[in-house]
Amino acid sequence: EWNFGGFPVWLKYVPGINFRTDNGPFKAAMAKFTEKIVAMMKSEGLFESQGGPIILSQIENEYGPVEYYGGAAAKNYLSWAAQMAVGLNTGVPWVMCKQDDAPDPVINAGNGFYCDYFSPNSLKTFFGGLKLDWLVPVSGSSSSQTVRTGFCVQVYTEGWIFRNYYMYHGGTNFGRTAGGLFISTSYDYDAPIDEYVLLRQPKWGHLRDLHKAIKMCEPALVSGDPTVTKLGNYQEAHVYRSKSGSCAAFLSNFNPHSYASVTFNGMKYNIPSWSISILPDC
């Protein structure tokens, strides 16, 4: 979302060029630019493989819909882009956003408001701009840290390992930096921190407490896959355990209309409708 898609205007005057497809002039320009950026990062030691902070790199962006209409030339270009990027030997993984058929070893990343259906080829990713639920205590809990969370925490009940928010801090594009004609300059997406750097409550506070609860679950979460137990027609318990004895449980109620009373580990819990409750010390 940038003026002319982020391309320099002079690029369109290169003889014979055709953007984002199996086209020699475009691929030459793209390779030159990508190599330049990677070389700059390497010269400063910024990749994780060099001890720096960059842990992932992305090549192309949301090319899936373009590929759908682009035919064989688009598929060839996609394969070339992946090979070109991997060949730069950054020492960190490359990703492609919204690219279901990302060529191995490039990681495909989900992009949507609800991506619980998404099945990645490697790292599990998620679009964070979704509605977050209210934070309320869970009746009958044995832990003072047990909280009710919204749909966003479902990624952990399903064994996902990485949660990214898009976006956590909203931004504003002005003038030529806007995405195009008749597009609002706001790029806020109802973010927890808005485009004026103000906290959007209750979402920001909810996420702060959610992150604290997830952090308390860390020893169990990173120890393996969860054990899933049915607690009712719409209710489940996803339980993580570590060899050292730590335990974390996610009690889910997928009924969108009514709360549910369930029994877990010999205790009664009232779970609100369409919610997931976290027990960091089950």
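How many aromatic pairs does a search of the whole structure find? The answer is 9. The structure is a predicted model, and the points below take up its aromatic contacts, a surface patch and a pocket.

1. Phe 7 and Phe 19 make one of the aromatic pairs, with ring centres 4.8 Å apart and planes at 70°, an edge-to-face arrangement. Both residues belong to the segment before helix 1 (24-43), with their positions 12 residues apart in the numbering, and the pair is counted as linking distant parts of the chain.

2. Are these two rings buried or exposed? Neither extreme applies: Phe 7 has a relative accessible area of 26% and is partly exposed, and Phe 19 is partly exposed at 24%. Buried would require a value under 20%, so Phe 7 at 26% does not qualify, and Phe 19 at 24% does not either.

3. A further edge-to-face pair joins Phe 254 to Trp 274, at 6.2 Å centre to centre and 65° between the planes. Phe 254 sits in the loop between strand 9 (247-253) and strand 10 (260-264), while Trp 274 sits in the loop between strand 11 (267-271) and strand 12 (275-279). The two are 20 residues apart, and this pair too links distant parts of the chain.

4. Phe 254 is partly exposed, with a relative accessible area of 23%. Trp 274 is also classed as partly exposed, at 40% relative accessibility. The cut-off for exposed is over 50%, so Trp 274 at 40% stays in the intermediate class.

5. Which residues form one aromatic cluster? They are Phe 7, Phe 19, Phe 26, Tyr 63, Tyr 77 and Trp 80. The Phe 7 and Phe 19 pair of point 1 therefore lies within this cluster.

6. On the surface, Phe 4, Val 9, Trp 10 and Tyr 13 make a nonpolar patch of about 470 Å². Val 9 is placed in the segment before helix 1 and is partly exposed, with a relative accessible area of 40%. Patch residues need over 30% relative accessible area, so Val 9 at 40% meets that condition.

7. The largest pocket has a volume of about 970 Å³. Its lining comprises 27 residues, and those nearest its centre are Gly 5, Gly 6, Phe 7, Phe 33 and Glu 60. Helix 1 and strand 1 (57-58) are the elements that give two or more residues to the lining. Helix 1 contributes the most, with 9 residues.

8. Phe 7 recurs in these points: it pairs with Phe 19, belongs to the aromatic cluster and is among the residues nearest the centre of the largest pocket.

Key: Residues are numbered from 1 along each chain as its sequence is written. This is a predicted model: local features need pLDDT of at least 70, side-chain atom pairs count only at pLDDT 80 or more; totals for chains, interfaces and linings use all residues. Side-chain values use heavy atoms; hydrogens and water are left out. Rings of Phe, Tyr and Trp (its six-membered ring) pair if their centres lie within 6.5 Å; planes under 30 degrees apart count as stacked, over 60 as edge-to-face and the rest as tilted. Helices (H or I, at least four residues) and strands (E, at least two) are DSSP runs, numbered from the N terminus. Buried means under 20% relative accessible area, exposed over 50%, partly exposed in between (1.4 Å probe, protein chains only). Patches are made of residues with over 30% relative accessible area and no salt bridge: like charges are joined within 9 Å, nonpolar side chains (Val, Leu, Ile, Met, Phe, Trp, Tyr) within 5 Å. Accessible areas come from the Shrake-Rupley method with a 1.4 Å probe; for residues, only the protein chains shown count as cover. A salt bridge is a side-chain nitrogen of Lys or Arg within 4 Å of a carboxyl oxygen of Asp or Glu. On a 1 Å grid over the protein atoms alone, a cavity is a set of points where a 1.4 Å probe fits but cannot get out, and a pocket is an open set with protein on both sides within 12 Å along at least five of seven lines; lining residues have an atom within 4 Å of a point. Grid points are joined across faces, edges and corners, and a volume is the space filled by probe spheres set on the points.
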